[in-house]
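User: Hi! I would like to learn how to read the features of a protein model, one at a time. Could you walk me through this one?

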Amino acid sequence: MIIEPRMRGFICLTAHPDGCAQNVKNQIEYVKSKGAINGPKKVLVIGASTGFGLASRIAAAYGSGASTIGVFFEKAPSEGKTASPGWYNTAAFEKEAHAAGLYAKSINGDAFSKEIKEKTIELIKADLGQVDLVIYSLASPVRKHPDTEVLHRSTLKPIGGTYTNKTVDFHTGNVSEISIEQATEEDIANTVAVMGGEDWSMWIDALKAENLLAEGATTVAYSYIGPALTEPVYRKGTIGRAKDDLEATAFKIADKLKDIDGKAYVSVNKALVTQASSAIPVIPLYISLLYKVMKAEGVHEGTIEQIQRLYADRLYTGNAVPVDEKGRIRIDDWEMREDIQTKVAKLWEEATTETLPAIGDLPGYRADFLSLFGFEIDKVDYQKDAQEVVEIEGLV
Ligand code: NAD
Ligand code: NA
């Protein structure tokens with residue numbers, strides 16, 4: 001079957017198995033090219049199939065030979081439909097890892113549920129005994145609360161007033177003004193319920209109760225800050241409240257892990273094109289300007305470069321983990337560099353439909369977006385029938 005991208009709004013309905021496999025291979029090659037890290041050995045990644053979570057899994061497996069268990073929520077292929085990208089990514093990762101003699105197993109289901117936590121616990125008990133690193137990298141629009149069964153939906157809204165700014169439709173390049181209505185208290189509470197720290201805490205409690213966290217174990221969740229210009233819709237909006245909660249949760253978890261000398265961190269990562277970030281108004285325009293500036297400065301990174309640096313230069317250096325005044329690891333340091341942000345802010349003022357092709361990196365944005373789904377990847381022959389990937393090797 002020949003598979004082509006089929007767009008609907010901000011999502012792509014199809015995914016290419018060979019393109020996704022090539023993406024995974026490229027990430028593996030990158031990690032290998034950077035050399036060995038004295039890193040984690042037994043790793044649980046929650047949200048392991050795409051984006052930062054996938055990169056965390058690959059960097060652990062190929063940076064320090066780690067055994068990995070990945071948890072995610074992805075769709076298998078079905079009649080007339082391709083699988084979701086994370087399905088193909090994981091199938092490719094498992095295959096590569098097993099061929100390289102690395103332990104890798106995966107669990108597909110709702111990480112917010114008690115059932116999936118129990119399944120994961122059983123697998124760790126049976127196969128690994130304990131884990132020394134737990135990466136929490138979920139990005140989800142909804143969460144069914146395991147105790148109340150209430151379905152919470154997150155929103156991306158400003159707090160305390162309507163927010164108006166520029167945005168771009170990255171398919172057409174059209175720059176326009178967008179106004180987003182302010183959030184209600186309920187919107188805020190729901191977003192915190194989905195993307196805040198409660199579920200991370202529940203995972204760590206469940207693992208610790210079963211003595212599955214090794215002495216000195218580390219857990220890391222991912223956050224974002226970004227510049228003043230996106231603050232109303234991101235860091236000071238509903239999602240920002242959830243990130244505040246996530247960051248506060250790191251301290252609570254760290255307290256609970258003291259008896260095993262465990263550590264809990266939030267790592268603040270760079271803005272990147274993912275399925276989640278493409279849906280946030282204003283952010284795609286910011287990212288297209290940011291990419292242009294960071295590429296020109298030679299400091300652009302993707303998820304794998306970010307996470308390789310997180311392990312090699314922050315978490316596993318053998319020295320104390322460097323953190324900011326709020327206790328957070330910062331791998332958004334290059335994005336937030338003053339010279340970079342000054343340039344982006346200036347370009348922001350200039351950005352219109354007419355100027356954007358010259359001052360922004362829309363082609364880079366689009367290429368990254370398509371590559372999330374396995375399209376327009378070098379070395380992939382899209383004229384050839386795509387391989388069928390109906391199974392993931394290590395799926396439990
Ligand atoms: P992503 O959409 O690429 O990955 C999300 C992962 O969560 C996938 O593996 C998916 O299968 C899994 N998932 C979603 N719902 C699930 C559920 N109910 N049960 C099990 N698995 C589920 O997202 P991402 O951009 O890599 O985001 C990961 C984290 O990084 C988020 O906390 C995000 O806020 C943060 N972050 C993202 C950016 C960015 O620019 N993209 C920047 C900084 C921080
Ligand atoms: Na992820």
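User: Which elements each supply at least two residues of the shell around ligand 1?

Analyst: Happy to help, and a few ground rules come before the answer. This is a predicted model, where local features need pLDDT of at least 70 and side-chain atom pairs count only at pLDDT 80 or more, while totals for chains, interfaces and linings use all residues. Residues are numbered from 1 along each chain as its sequence is written, chains are lettered from A and ligands numbered from 1 in the order in which they are written, and side-chain values use heavy atoms, with hydrogens and water left out. Helices (H or I, at least four residues) and strands (E, at least two) are DSSP runs, numbered from the N terminus. The elements you ask about are α2 (51–64) and β11 (213–223).

User: How many residues surround ligand 1, and of which classes are they?

Analyst: A residue is near a molecule or strand if one of its heavy atoms lies within 4 Å of it. Here 27 residues surround ligand 1, and the closest are S49, T50, A111, K243 and L272. For classes, Ala, Val, Leu, Ile, Met, Phe, Trp, Tyr, Cys and Pro count as nonpolar, Asp, Glu, Lys and Arg as charged, and the others, Gly among them, as polar. The shell splits into 13 nonpolar, 10 polar and four charged residues.

User: Which N or O atoms of the protein lie 2.8 Å, 2.9 Å and 3.3 Å from an oxygen atom of ligand 1?

Analyst: A polar contact is a pair of N or O atoms within 3.5 Å; within protein, one must be able to donate a hydrogen and the other to accept it, and residues adjacent in sequence count only if both atoms are side-chain atoms. F52 places a backbone N or O atom 2.8 Å from a ligand 1 oxygen. E74 uses an N or O atom of its side chain, at 2.9 Å from an oxygen atom of the ligand. For Y222 the atom is again a backbone N or O, 3.3 Å from an oxygen of ligand 1. Taken alone, ligand 1 exposes 840 Å², and the protein buries 92% of that. Such areas come from the Shrake-Rupley method with a 1.4 Å probe; for residues, only the protein chains shown count as cover.

User: In what order do the strands of the open sheet run?

Analyst: Strands of a sheet pair through backbone hydrogen bonds, either parallel or antiparallel. Two strands count as paired if DSSP finds at least two bridges between them. In this model an open sheet of seven strands has the order β5-β4-β3-β6-β11-β12-β13, with parallel pairing. Because β5 (104–108) and β13 (329–330) each have a single partner strand, they stand at the edges with one side left without a neighbour in the sheet. β5 pairs with β4 (residues 67–72) in the parallel sense over five bridges, and T68 has A104 of β5 as its bridge partner. Further along, six bridges join the parallel strands β11 and β12, with Y222 opposite S267 in β12.

User: Why is β12 described as largely enclosed?

Analyst: Buried means under 20% relative accessible area, exposed over 50%, and partly exposed in between (1.4 Å probe, protein chains only). Five of the six residues of β12 (residues 263–268) are buried, so the rest of the structure largely encloses this strand.

User: What are the polar partners of the S277 side chain?

Analyst: S277 sits in helix α8 (residues 275–278) and is buried, at 10% relative accessible area. A polar atom of its side chain lies 2.7 Å from the backbone oxygen of L272 and one lies 3.0 Å from the backbone nitrogen of T274.

User: How many disulfides are there, and why?

Analyst: A disulfide is a pair of cysteine sulfur atoms within 2.5 Å, and by that rule the count is zero. The closest cysteine sulfur to that of C12 is in C20, 9.7 Å away, too far for a bond. Both cysteines are buried, C12 with a relative accessible area of 7% and C20 at 0%.

User: Where do residues other than glycine have a positive phi?

Analyst: Most residues other than glycine have a negative phi, and most peptide bonds are trans. Two cases to look at are E149, with phi near 65 degrees, and N211, with phi near 60 degrees. E149 lies in the loop between β7 (142–144) and β8 (151–153) and is exposed at 54% relative accessibility. N211 lies in the loop between α6 (198–209) and β11, and is exposed at 51%.
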